Amino acid sequence: MVFRLVLGCGTVGRHVVEQLAERDSAGRLLVVTDDESVVGALRDESVPARHADPTEPTVLENIEQPDVIFVGGDRTDVNRATLEAASDRFPAASIVAHIGGNPTTADRRSFDDLADHVVDPNDALVDGVLDEVARPTTEAAIELRSHLESIDGRLGVVMHDNPDPDAIASAVALVDLAESVGIEAEACYFGEISHQENRAMINLLSLDLRNLVAGDSLERYDAFALVDHSRPGVNDQLPETLPIEIVIDHHPPRAPVSAAFVDLREHAGATSTVLTEYIDQFGVGFDPTTATALLYGIRVDTNDFTREVSPADFRAASILWPHVDTSVLERVEQPTIEGDTLETIARAIKNRTQDGSIVVASAGRITNRDALPQAADQLLAMNGVDTTLVFGFRDEMAFLSARSRASEIDLGETLRDAFDRIGSAGGHADMAGAQLEIGILGDVDDADEVESIVSVVEEVITNRFFEAIETRPGVPVGAYTQTSEWLFTRTGDPEDGESA
């Protein structure tokens, strides 16, 4: 339960108190003001109010620790004195301060230094004040801090397998938040990071990540957090029954999410957006390395603010920008491309099958699965094409990556309809991935027979995708049943990752 303390209750303060009382009946609210008539009126409305001078430090000494403080008097000088007393008495509280009617330059500097958010009557309305005082992010930040502080030992912050920039940045940011409250934490992942831009991000920013392998002992960690995915054992290699302390993600969950603290922001374009808000709410300041990683994570997941973007993503970017190392960001975004990646893209372009505005392509045998989404993006740039699927084979696995800009197609649902019975799939409306385990390949030694099996699988993948596109959303694909499903063994759910 959030405890909000209002110190001083002028014109703006009175409106804020009234709205707070209506909006959050479950929270605790206390108003302290030296205006006895206001105290009486508030008490008549069942709002807890105390008649006292909020500028007096002795008055604040008898009040327990609040979560959020609003300094709401009308006079600048009184509000400044109140702010100074409140920030000294409650350094851990989030403080929103109304600057009053006649602030000087010195007043503005003082308010900026002491308050987390400053409300200027020249450019702010009451709704804007309420957004800062009562928005859910504030409550979530208080709850997250509480959960972090309760951890006894080292926290493992786990990304999804083969993490993308959004997952990497989110993990690094959560490590920063944990360490800000004295908790030792480590960002870690299973799989590999092979995409050239992702490797450049890690190397140029000198990010400290631990690469776990299947079978590694997890005893080095006393608690676990998941970022950019939400269930242990799904798109990571943790035990499915592993207790999770914290989950922060922006993907819609496909099953119940179990953790002590869960924040799923489906309307955010990136998990990095959510972590940016938490760092801002914690008031710990932005490390340039983390800020650069977070902005890059947002830009990649929203395709430079053109895909599934929300107002929160733009706000996060504006918060991050003053702290970003732009020279490093430019180098991350312009890495060299390896020859194998170019060859994979070339094979996909050569082997494409087109039906109207939809293109499906096999890249054949691949060494780098991260070339597939790049090939899908390249094919999407073709004239008259609005949906692409590119797939390739590595060891006993088939990896699929899809892209679309067609408003009537939901790729995440399309791939699940097409491949969930023979593998696993997931993703967003315009960007999705799947992976299929071709178990029979491990039992075949003859090269010609292997290629024959691969050819059959290519036909199955292509036909299933085209049929799923033509089928209404939610209707299972039925054209290929057990006659082809014996080729495949079910695997984990690739909700996200470099392969998407």
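Where does Ser310 lie? In this predicted model, Ser310 sits in the loop that runs between α11 (288–301) and α12 (311–320). Being in a loop says little about how much of a residue shows at the surface, so that was checked too: Ser310 has a relative accessible area of just 9%, which is under the 20% cut-off, and therefore counts as buried.

What does Ser310 touch? Leaving aside residues up to four places away in sequence, the contacts of Ser310 are His267, Ala268 and Gly269. One of these residues comes up again when polar atoms are considered: the side chain of Ser310 reaches the backbone oxygen of His267, at 3.4 Å.

Two other loop residues caught the eye for their backbone angles. Most residues other than glycine have a negative phi. Ser206 goes the other way, with a phi near 55°, a positive value in a residue that isn't glycine. Asp395 does this as well, its phi also being near 55° and so positive in a non-glycine residue.

And where are these two found? Ser206 belongs to the loop between α9 (196–205) and β9 (209–212), while Asp395 belongs to the loop between β15 (387–394) and β16 (397–404). Are they buried or exposed? Ser206 has a relative accessible area of 61%, and because that is over 50% it counts as exposed. For Asp395 the relative accessible area is 61%, so this residue is exposed too. To put the loop residues side by side, Ser310 is buried, whereas Ser206 is exposed and Asp395 is exposed.

Technical notes. Residues are numbered from 1 along each chain as its sequence is written. This is a predicted model: local features need pLDDT of at least 70, side-chain atom pairs count only at pLDDT 80 or more; totals for chains, interfaces and linings use all residues. Side-chain values use heavy atoms; hydrogens and water are left out. Helices (H or I, at least four residues) and strands (E, at least two) are DSSP runs, numbered from the N terminus. Buried means under 20% relative accessible area, exposed over 50%, partly exposed in between (1.4 Å probe, protein chains only). A polar contact is a pair of N or O atoms within 3.5 Å; within protein, one must be able to donate a hydrogen and the other to accept it, and residues adjacent in sequence count only if both atoms are side-chain atoms. Contact means heavy atoms within 4.5 Å.
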